[in-house]
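Please look over the pockets of the structure shown here, with attention to what lines them.

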Amino acid sequence: MGERRVIVDKKEFGMFTAALKTYYPREDKLLPNQEAMELWYRQLQDIPYIVAETALNKWVATNKWSPSIADIRAMAVSITSGEPKQWSDGWEQVQKAIRNFGLYDVDGAMESFDDITRQAVKRLGFKELCMSENPMTDRANFRMIYEQIAEQKETEQMLPEALSTLIGNIRAKSLEGQKVLKGEQ
């Protein structure tokens, strides 16, 4: 989630949690014991301290209730990555590419898209979008696919790197086990 200093020492985390408890003094169940503090620390320790502190400050400014770990991670992603683009921005890119590149330069068109738009267009097919006679349906399908990809990407960005690696390893082992059961190698 960044290459700056992370919340590695307990002193910084103590400052973070003291601020959290100060902002929400009526919530008795917020970090009620040492075990809760340790769990929060493990889940947030990869976030640079300045990002975590800024995420908490942004949360406090815009929400009445205390944040969860996921809320802090989501706010940190929005701070480091910026607000997510809207599907309509991607659809505008598609329309512009159809006008500028058409059927004859699919590679040029694909290069002109941001990553999420490119993935959505790959699923729909750029040539198919160019030749389509039903732009309203194409627009609706694009929106659905774009939003699914954007949500998946945001979720991936929220996960700590160590957890992402662990999930990848588990999936790889699961796939290997499935191949063995099917007799493939």
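The report below takes up the basis of the model and then two pockets in turn.

## Basis of the model

This is a predicted model, in which local features need pLDDT of at least 70 and side-chain atom pairs count only at pLDDT 80 or more, while totals for chains, interfaces and linings use all residues. Residues are numbered from 1 along each chain as its sequence is written, and side-chain values use heavy atoms, with hydrogens and water left out.

## The largest pocket

The largest pocket (on a 1 Å grid over the protein atoms alone, an open set of points where a 1.4 Å probe fits, with protein on both sides within 12 Å along at least five of seven lines) has a volume of about 430 Å³, a volume being the space filled by probe spheres set on the points, which are joined across faces, edges and corners. It is lined by 21 residues, each with an atom within 4 Å of a point, and those closest to its centre are Glu-83, Pro-84, Lys-85, Ile-116 and Gln-157.

Helix H4 (69-81), helix H7 (115-124) and helix H9 (135-158) each give two or more residues to this lining, helices being DSSP runs of H or I with at least four residues, numbered from the N terminus. H9 provides the largest share, seven residues. By class, the lining has eight nonpolar, five polar and eight charged residues (Ala, Val, Leu, Ile, Met, Phe, Trp, Tyr, Cys and Pro count as nonpolar, Asp, Glu, Lys and Arg as charged, and the others, Gly among them, as polar).

## The second largest pocket

The second largest pocket, with a volume of about 160 Å³, has a lining that includes Arg-42, Asp-46, Pro-160 and Leu-166. Helix H2 (34-44) and helix H10 (161-182) each supply at least two of its lining residues, and H10 accounts for the largest share, four residues. This lining divides into four nonpolar, two polar and three charged residues.
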